[in-house]
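Reader: Hey, could you walk me through this one? I'm new to reading structures.
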Amino acid sequence: MSEKRKKDIQRIKELESINLATDDIRDDVVQTKMKVKEDNELLARQNNEELKEHKIKSVDIVGAIGAGKTALIEKIVEILSEKYRILVICGDITTRLDADRIQAHNAESIQINTGRECALNAYHIHKIIENKDLDDYDLLFIENVGNLICPSEFTLGTDTRITVVSTTEGEWVIEKHPMLFKMSQVAVINKIDLAERLGTNVQKMLKDAKEINPDIEVITTSAKTGKNIDKLIDILEL
Ligand SMILES: Nc1nc2c(ncn2[C@@H]2O[C@H](COP(=O)(O)OP(=O)(O)OP(=O)(O)O)[C@@H](O)[C@H]2O)c(=O)[nH]1
Ligand SMILES: [Mg+2]
């Protein structure tokens with residue numbers, strides 16, 4: 001085992017020691033978790049290759065509960081549904097609410113109910129794309145389960161990941177959840193229409209995102225008023 005891997009395992013053991021049962025099984029649990037992550041990465045790469053083979057551009061949207069992920073997708077598909085054949089996959093613990101909202105904007109949508117799982121994984125997406133005729137689509141959006149932590153464990157195989165937070169979550173939300181910003185290409189600070197009334201320090205949020213990931217594109221939007229939705233579409237090169 002390489003020194004780097006040993007260090008990784010030690011770090012995970014320290015971080016997770018409270019959650020893990022007893023010393024004798026701790027190594028096994030850590031190894032299993034790492035294996036699950038590796039397998040997920042492999043499948044995510046396969047998903048991406050398959051989507052690319054069919055010339056499908058793909059974007060997944062992660063973010064806190066209620067930050068406006070579905071509302072943003074509704075606005076985006078409203079604008080793009082004439083130009084692209086769009087498939088939207090929505091992840092939620094239960095219900096078909098988000099898929100139904102999106103379907104009303106002329107985009108085919110599929111709901112995955114994850115039950116007790118707090119994020120989608122590459123296998124969920126793999127199961128859908130292997131059962132679809134991918135020649136029927138140009139663009140895929142995936143809305144993950146509302147959560148700022150779990151989706152960082154699993155990539156899905158999309159070209160671009162967007163992390164969405166909103167002004168209602170307070171100006172510390174980005175600083176407190178760095179993982180998803182590190183692995184995303186775009187950060188959206190939504191509900192900008194409410195920032196003034198709430199007194200949220202949006203400048204701090206913009207600065208935090210850039211400090212965590214200097215390469216990330218950061219944009220403020222309002223899915224309610226439509227502000228900067230066109231700019232977001234430009235950033236996504238759609
Ligand atoms: N004022 C304002 N409200 C918004 C905005 N975007 C979304 N909302 C509202 O915020 C609530 C949650 O929006 P959703 O789009 O359901 O959020 P979500 O991130 O998809 O939520 P989950 O899928 O449950 O995690 C709804 O009542 C939206 O109408 C915005 O930019 N401004
Ligand atoms: Mg939603």
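Author: Below we talk through the sheet, a helix, the ligand and two loop residues.
Author: This is a predicted model, where local features need pLDDT of at least 70, side-chain atom pairs count only at pLDDT 80 or more, and totals for chains, interfaces and linings use all residues. Residues are numbered from 1 along each chain as its sequence is written, while chains are lettered from A and ligands numbered from 1 in the order in which they are written.

Reader: Cool. What order do the strands of the open sheet have?
Author: The order is 3-2-4-1-5-6-7, with 7 strands and parallel pairing. Strands (E, at least two residues) and helices (H or I, at least four) are DSSP runs, numbered from the N terminus. Two strands pair if DSSP finds at least two bridges between them.

Reader: And which strands stand at the edges?
Author: Strand 3 (108-113) and strand 7 do; each has a single partner strand, so one side of each is left without a neighbour in the sheet. From one strand to the next, the twist averages 20°.

Reader: Is strand 5 mostly covered or mostly open?
Author: Mostly covered: 6 of the 7 residues in strand 5 (residues 160-166) are buried. Buried means 20 or more other C-beta atoms within 10 Å of the residue's own, exposed means 12 or fewer, and partly exposed is in between, with C-beta atoms placed from the backbone.

Reader: What does strand 5 pair with?
Author: Strand 1 (residues 57-63) pairs with strand 5 in the parallel sense over 5 bridges. Ile61 stands opposite Ile162 there, and Val59 is opposite Thr160. Strand 5 also pairs with strand 6 (residues 186-190), again parallel and over 5 bridges, with Thr163 opposite Ala187.

Reader: Switching to helices. Which residues of helix 9 are buried?
Author: In helix 9 (residues 202-212), Met205, Asp208 and Ala209 are buried. Seen down the helix axis, the buried residues fall within an arc of 100° (the arc of the directions from the axis to the C-beta atoms), so they line one face of helix 9.

Reader: What covers them?
Author: The cover includes helix 6 (173-176), helix 7 (178-182), strand 6 and strand 7 (217-220). That rests on contact, meaning C-beta atoms, placed from the backbone, within 7 Å of each other.

Reader: Ok, the ligand. Which residues come nearest to ligand 1?
Author: Gly68, Thr70, Ala71, Gly146 and Lys224, out of 17 residues around ligand 1. A residue counts as near if its C-beta atom, placed from the backbone, lies within 6 Å.

Reader: Which element gives the largest share of that shell?
Author: Helix 3 (residues 69-80), with 3 residues. Helix 3 also lies across strand 1, strand 2 (86-92), strand 4 (139-143), strand 5 and strand 6.

Reader: Where's Asp193, and is it buried or partly exposed?
Author: Asp193 is in the loop between strand 6 and helix 8 (195-198). With 16 C-beta neighbours inside 10 Å, Asp193 counts as partly exposed.

Reader: What does Asp193 contact?
Author: Leaving aside neighbours within four places in sequence, Asp193 is in contact with Ser222, Lys224, Thr225 and Lys227. Lys224 is also among the residues that come nearest to ligand 1.

Reader: Last one: where does Asp159 lie, and what does it touch?
Author: Asp159 lies in the loop between strand 4 and strand 5. Not counting residues up to four places away in sequence, Asp159 touches Lys57, Ser58 and Val59.

Technical notes
Two residues are in contact if their C-beta atoms, placed from the backbone, lie within 7 Å. Axes are lines fitted to C-alpha atoms, for helices over the stretch in contact, and angles run from 0 to 180 degrees between N-to-C directions.
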